[in-house]
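Please open the model in your viewer and keep the selection panel at hand; the tour moves from the whole chain to a single helix and its surroundings.

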Amino acid sequence: MNFLARHRIILPVVSLAVLLAATFWMQPRAMSYFGLNLLFNLAVPIALATIAQMMIIMVNDIDLSLGAFVSLAACVTATFLNDAPVVGLLILLALILSYAALGAVIHALELPAIVVTLGMSFVWGGLALFILPSPGGASPDWLRTLMTVKPPFAPMAVVAAVIIAAVTHLLIIRSGIGTVLRGVGGNARSVARAGWSVIRLKALAYALAGLFGVLAGMALVGLTTSADANIALRYTLLSIAGVILGGGEFTGGKVSPTGAVIGALTLTLAASFLSFMRLSPDWQIGAQGAILILVLTARLIFRQKGAA
Amino acid sequence: MTDRESAPLVTLTDAARHFGPVRALDGVSLSVHPGDCIGLVGHNGAGKSTLVNLINGGLAPSSGEIAFDAGASALEAGVRSVFQELSLCPNLTVAENLRISHSGLKGPGWRRPARAEIARSLDTIFPGHGIDPDAEVDTLSIAERQMVEIAIGFAPRGTEARLVILDEPTSSLDAGIADQLLSHVRRYCSEGGAVIFISHMLGEVFEVATRIIVLKDGKAVAERAAGGFTRQGLVDAMGHVTADTPETAEAARDFGAEVVRTDQGLTAREGEVVGLSGLAGHGQAVALARLYLSRTSSWHAGRRPEVVFVAGDRQRDGILPLWSILRNITVSILPQGARRGLVDRAAETRVAQDWKARIGIRTEDVTNPVLSLSGGNQQKVLFARALASPAPVVIMDDPMRGVDVGTKQDVYAMIRAEAARGRTFLWYSTETEEVCQCDRVFVFRNHEISAELTGAEITEERILEASFEMQEAS
């Protein structure tokens with residue numbers, strides 16, 4: 001095991017640093033309080049969604065409905081939560097519980113999560129359209145204030161990213177229950193043998209995913225001040241890419257919350273970087289994919305060197 | 001030494017477990033007292049795992065009763081199991097794995113006591129183990145993982161381990177570490193703990209067990225104090241008539257041309273069975289893997305492969321768990337049997353049926369999933385896969401791990417027969433008895449060949465001599 005293989009967090013940090021340096025080099029004006037906030041503020045909902053996806057990947061499943069779910073949460077936030085806060089909160093709570101139920105069903109019936117969540121993405125999408133047929137709604141004032149707050153020293157986006165990473169690191173890596181949850185991804189049978197109810201643990205993991213999905217939706221509305229049923233559809237793939245970019249693995253319960261947040265930041269930054277390069281938007285998605293492949297290849301090479 | 005008056009920890013009364021029509025366990029009565037060390041032996045499929053799972057609460061009995069003296073469940077009664085197939089979470093650290101089975105570790109700062117507890121347990125059982133409690137399990141070797149698993153089994157975990165079930169605990173440990181474990185088991189039992197010890201290595205069973213129970217076809221066919229059995233008697237009771245081991249000295253056979261030669265000095269000739277021996281983890285597996293990879297191409301699988309590989313770690317790189325037995329066998333020969341890129345199903349079935357009969361895979365139908373087989377039979381499938389291919393060189397990386405005596409005899413005979421037909425076998429084994437079956441043996445020490453033995457030189461003594469540094473410990 002070499003240094004890089006042992007400390008999986010190094011590579012995501014280096015990727016972000018390199019990309020950030022390149023951005024600053026091309027656009028020195030970004031190197032300011034205001035510039036950083038502009039670069040990263042859309043990363044906050046993506047980071048939350050990435051954490052949500054990480055919860056699912058942690059228990060060896062994958063969530064293809066996350067984008068639709070975040071859109072739905074955004075629509076609820078922009079309508080019910082704004083007009084009737086209590087009803088809005090209850091709906092968001094119900095969404096989280098339905099995620100927990102989804103996890104329990106997937107485990108109990110041994111369904112492939114990829115199929116179930118793909119199906120659910122149409123349900124969430126339908127509900128979102130039902131709530132908000134055309135783009136609109138408004139952000140609750142407190143949410144708007146929260147997302148545009150200007151803390152001293154570092155801009156909101158950076159502070160938020162640090163807080164998200166710290167909280168989820170404590171929850172998933174440091175705490176006892178987080179350890180058991182990662183154990184479910186590593187070897188569910190041994191967790192069951194130790195007397196845990198795996199179905200409850202999976203429901204918990206999904207509930208956490210639901211919670212962070214809802215938070216992502218709320219953060220998004222706080223930034224954009226309105227919502228749309230399709231506002232966050234691309235989050236599904238962005239969140240998966242973020243988890244993997246951050247050093248996570250698709251199977252085996254190997255995840256890193258800090259890495260996931262860094263992955264989300266990297267992906268957001270990659271989009272801005274490409275704009276600074278004056279790359280036509282038509283090519284941007286492809287270029288973003290190229291960056292992703294580059295980072296993953298680097299990781300694979302380091303891993304193989306470490307194993308040899 | 002056993003206090004027969006004390007209440008039994010666990011009592012099974014006529015416990016039975018059926019899986020559909022299969023009577024995995026057919027009415028077993030058993031009581032385990034504090035201080036007992038029960039050796040449980042039996043054939044693959046005799047019902048050992050089922051019995052273990054009934055005692056540890058993994059399965060409910062179909063009929064009969066299981067009573068614990070303290071608490072309603074096995075967990076509350078302090079029953080712990082260490083399983084044959086490794087059951088740690090590889091993505092967690094050693095200390096975190098303890099947390100999984102120790103719900104008493106709560107609140108902030110649970111790591112420190114977890115680290116201390118696992119380190120203490122490891123130190124007690126395996127002094128000088130050198131395992132870091134903060135190491136992730138997947139960075140550990142298979143022997144180290146087994147040690148961690150055993151240590152977790154014996155760790156107090158908030159209550160106290162009162163009955164520890166060890167299912168093939170030494171299968172991936174080398175002799176020195178296995179001895180540490182055996183002496184710990186003896187010490188633990190003399191202090192009032194109880195152990196159920198399952199092993200195919202009868203020597204170990206005799207060494208630790210106070211009582212031996214022989215299982216056969218789901219029934220306990222014999223139960224006696226360990227002194228009441230002889231090795232031969234035990235094998236007979238298990239129902240395997242071991243034919244007198246054919247003496248290896250069937251006159252020096254003539255071998256063909258040299259077909260293998262590596263930089264390390266490993267050589268093999270046509271028709272020869274070459275053994276690799278030495279302590280576990282001294283480079284034998286690496287040498288075989290390197291040889292295999294140097295002879296195969298990752299780009300193009302030829303119609304006539306030069307070498308095939310029989311994996312010892314069948315969970316990791318042996319069986320294809322989702323496939324049927326048939327497909328698991330024939331996957332190595334698909335290119336040979338294919339016509340214009342399409343699989344010849346009739347030929348495939350013929351090969352699978354043929355090997356099922358030749359190697360004695362216990363199943364009614366080769367289209368059953370491979371996971372329906374017991375471990376030993378899964379290993380037979382892997383042998384069939386390798387032997388079915390036309391490759392002249394067969395590499396085997398400790399293939400008999402956790403395989404019962406009967407299966408071993410079958411496979412030895414098969415290897416002999418195939419070698420006589422001109423195939424070359426390179427066989428790494430942790431069991432000296434197996435190595436003694438070989439025509440030539442290379443003993444490894446510290447990733448180098450320390451001795452090459454042939455014919456009558458192949459004895460346990462000579463191998464041990466070459467495995468250990470004979471100089472004074474510095």
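## From the chain to one helix

Begin with helix H5 (66-78) and helix H7 (85-108) of chain A, which are among the elements that cover the buried residues of H8(A); the model you are looking at is a predicted one.

Before following that contact, display the whole of chain A, whose secondary structure comes to 15 helices and 0 strands. Its radius of gyration is 19 Å, close to the 19 Å that the globule rule gives for 308 residues, so chain A is as compact as a globular protein of that length. Along the principal axes, the C-alpha atoms occupy a box of roughly 60 × 55 × 40 Å. Buried residues account for 49% of the 308 residues in chain A, and, of the contacts with a separation of 6 or more, 79% are made by residues 24 or more positions apart.

Next, select helix H8 of chain A, residues 113-131, in which 19 residues reach 26 Å from the first C-alpha to the last, close to the 27 Å expected at 1.5 Å a residue.

Which residues of H8(A) are buried? Colour Ala113(A), Thr117(A), Met120(A), Ser121(A), Trp124(A) and Ala128(A), which are the buried ones. They cover an arc of only 125° around the axis, which puts them on the same side of H8(A). An α-helix has 3.6 residues a turn, so residues three or four places apart point the same way.

Now turn the view to the other side of H8(A), where Val115(A), Gly119(A), Phe122(A) and Phe130(A) are exposed. To finish, return to the buried side and show H5 and H7 of chain A again, since what covers the buried residues of H8(A) includes both helices.

Note on methods: Residues are numbered from 1 along each chain as its sequence is written. Chains are lettered from A and ligands numbered from 1 in the order in which they are written. This is a predicted model: local features need pLDDT of at least 70, side-chain atom pairs count only at pLDDT 80 or more; totals for chains, interfaces and linings use all residues. Helices (H or I, at least four residues) and strands (E, at least two) are DSSP runs, numbered from the N terminus. The expected span of a helix is 1.5 Å times one less than its number of residues. A residue is buried if 20 or more other C-beta atoms lie within 10 Å of its own, exposed if 12 or fewer, and partly exposed in between; C-beta atoms are placed from the backbone. The arc is that of the directions from the helix axis to the C-beta atoms. Two residues are in contact if their C-beta atoms, placed from the backbone, lie within 7 Å. The radius of gyration is taken over C-alpha atoms; the globule rule is 2.2 Å times the number of residues to the power 0.38.
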